[in-house]
Amino acid sequence: SALLNFFQNEECQAIVGERMDGGTIPQLLSVLEASTENNIKILLVDIMTTFIKSNATNRVIVFNEGCIGLVIDILQDAMHCLVSNIPKSEIVIRYCCGFLAGWPDDEDHVQQNILDEGGLKALLEALQVMVDDMPSLTFLTGTLLSLSLKEDRARMLAQERVVGVVKELMMALVVDDPNEKVLMICAQIIHNIAQSGTEPLMEADIIVGLFDVMEKVITMVGFQVTCMKILMTLWMANPGNVRQEIVDEGGMNLVLSLFSNAVKEADVLVACFPLLQQMIAHAINDPSPESPLSEAEVQVVVALLSFHPNNPDILRAALQALVVLTQDQSNKYDIVRQRGVESVMQT
């Protein structure tokens, strides 16, 4: 405890890295590796987290001494101890997760080392074990987000069924008191994986799960914006079955619900329009009588022209949606066109 207090002082952090020849960190890691007491593990992992957040010199020493692999081993052992009801095992898990999440995103060698040391398996297990511990979930999802930033690693995460685990976590989080920060990180992870163009993404029934979560937190602005980006990415990258699934699962109704609940949130509206336009075009080109596009639904597009008369982004998007509507060769939307012309002229 005394050492932790000492190392949390900024002047002392510099002394450790620069004036003690790096000897302090290896000695502490030797103690950490040998310790069987959870209290000692917690303090020493906390000290290592303090080091990696202090300065680049200390980060290099901690990395070079193999601390990441050691902490992953401790994390895996702590999850076994948790099953055996050994006291403070959940706190050890939380501090290990905090250590792995404490590294800067731009240190690529660190992310690779986490994977090389078996960290992904440990992270996914911890996500399922610590589902009720919000600090741990924040650390865990933050680490997964860092791992998903690079396209090749994002594809690897998809292969390891990360999307399914993250989707299940999101569905669990919206049951009681949704945590916006963690939900937002989860959505960003899925978006990064979706952008990597991986087929296994769809095996997680992601669209159904995503719709369920979005409907339960319909007013959560940042989360909805990211989810719309996910859906748009999937729509553009996976024509055919995926597009039909988005339509069949009620994509149009979801977008219209977002419009009505976020009519004052310009970011949500702008994020919704690209998918709305695609679904309008899809409905116009769909010869079946079950086409999901109705006159009442399309009127929303016209109405939005008057909701934000001074927002060029929304006006542009609404007008583009009207342009798509003019491609319809039936008489289905004549009334809408007439009102659309009136709104355009007023605009």
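Biologist: What does the accessible surface of the chain come to, and what share belongs to carbon and sulfur atoms?

Modeller: This is a predicted model in which local features need pLDDT of at least 70 and side-chain atom pairs count only at pLDDT 80 or more, while totals for chains, interfaces and linings use all residues. Residues are numbered from 1 along each chain as its sequence is written, and side-chain values use heavy atoms, with hydrogens and water left out. By the Shrake-Rupley method with a 1.4 Å probe, the accessible surface of the chain is about 16,200 Å², and the share of carbon and sulfur atoms is 49%.

Biologist: In which helix is confidence lowest, and in which is it highest?

Modeller: The pLDDT, the predictor's confidence in each residue from 0 to 100, has a mean of 85 over the chain, and 86% of the residues reach 70 or more. Helices here are DSSP runs (H or I, at least four residues), numbered from the N terminus, and strands (E) need at least two residues; the chain has 21 helices and zero strands. Confidence is lowest, at a mean of 65, in H2 (residues 10-18), and highest, at 97, in H7 (residues 89-101).

Biologist: Which helix gives the most to the largest nonpolar core?

Modeller: A nonpolar core is a set of buried Ala, Val, Leu, Ile, Met, Phe, Trp, Tyr and Cys residues joined through side-chain atoms within 4.5 Å; buried means under 20% relative accessible area, exposed over 50%, and partly exposed in between (1.4 Å probe, protein chains only). The largest such core has 113 residues, with Phe99 and Phe223 making the most contacts inside it. With ten residues, the helix that gives the most to this core is H18 (residues 266-285).

Biologist: Which residues is Phe99 in contact with, leaving aside its neighbours within four places in sequence?

Modeller: Contact means heavy atoms within 4.5 Å. With neighbours within four places in sequence left aside, the contacts of Phe99 are Val45, Met48, Thr49, Ile52, Val62, Cys67, Ile68 and Val71.

Biologist: Why do the buried residues of H5 lie on the same side of the helix?

Modeller: In H5 (residues 56-64), the buried residues are Asn58, Arg59, Ile61 and Val62. They are on the same side of H5 because the arc that they cover around the axis, taken from the directions from the helix axis to the C-beta atoms, is only 165 degrees.

Biologist: Which residue caps the N-terminal end of H5?

Modeller: At the other end, H5 is followed by Gly66, with a positive phi near 75 degrees. At the N-terminal end, a side-chain oxygen lies 3.2 Å from the backbone nitrogen of Thr57, and the capping residue that supplies this oxygen is Asn55.

Biologist: What is the phi of Lys88?

Modeller: Most residues other than glycine have a negative phi. Lys88 is in the loop between H6 (67-83) and H7 and is partly exposed, with a relative accessible area of 38%. Its phi is positive, near 65 degrees.

Biologist: With which side chain does the side chain of Ser136 make a polar contact?

Modeller: Ser136 lies in H10 (residues 134-147) and is buried, with a relative accessible area of 0%. A polar contact is a pair of N or O atoms within 3.5 Å; within protein, one must be able to donate a hydrogen and the other to accept it, and residues adjacent in sequence count only if both atoms are side-chain atoms. At 2.5 Å, the side-chain partner of Ser136 is Asp133.
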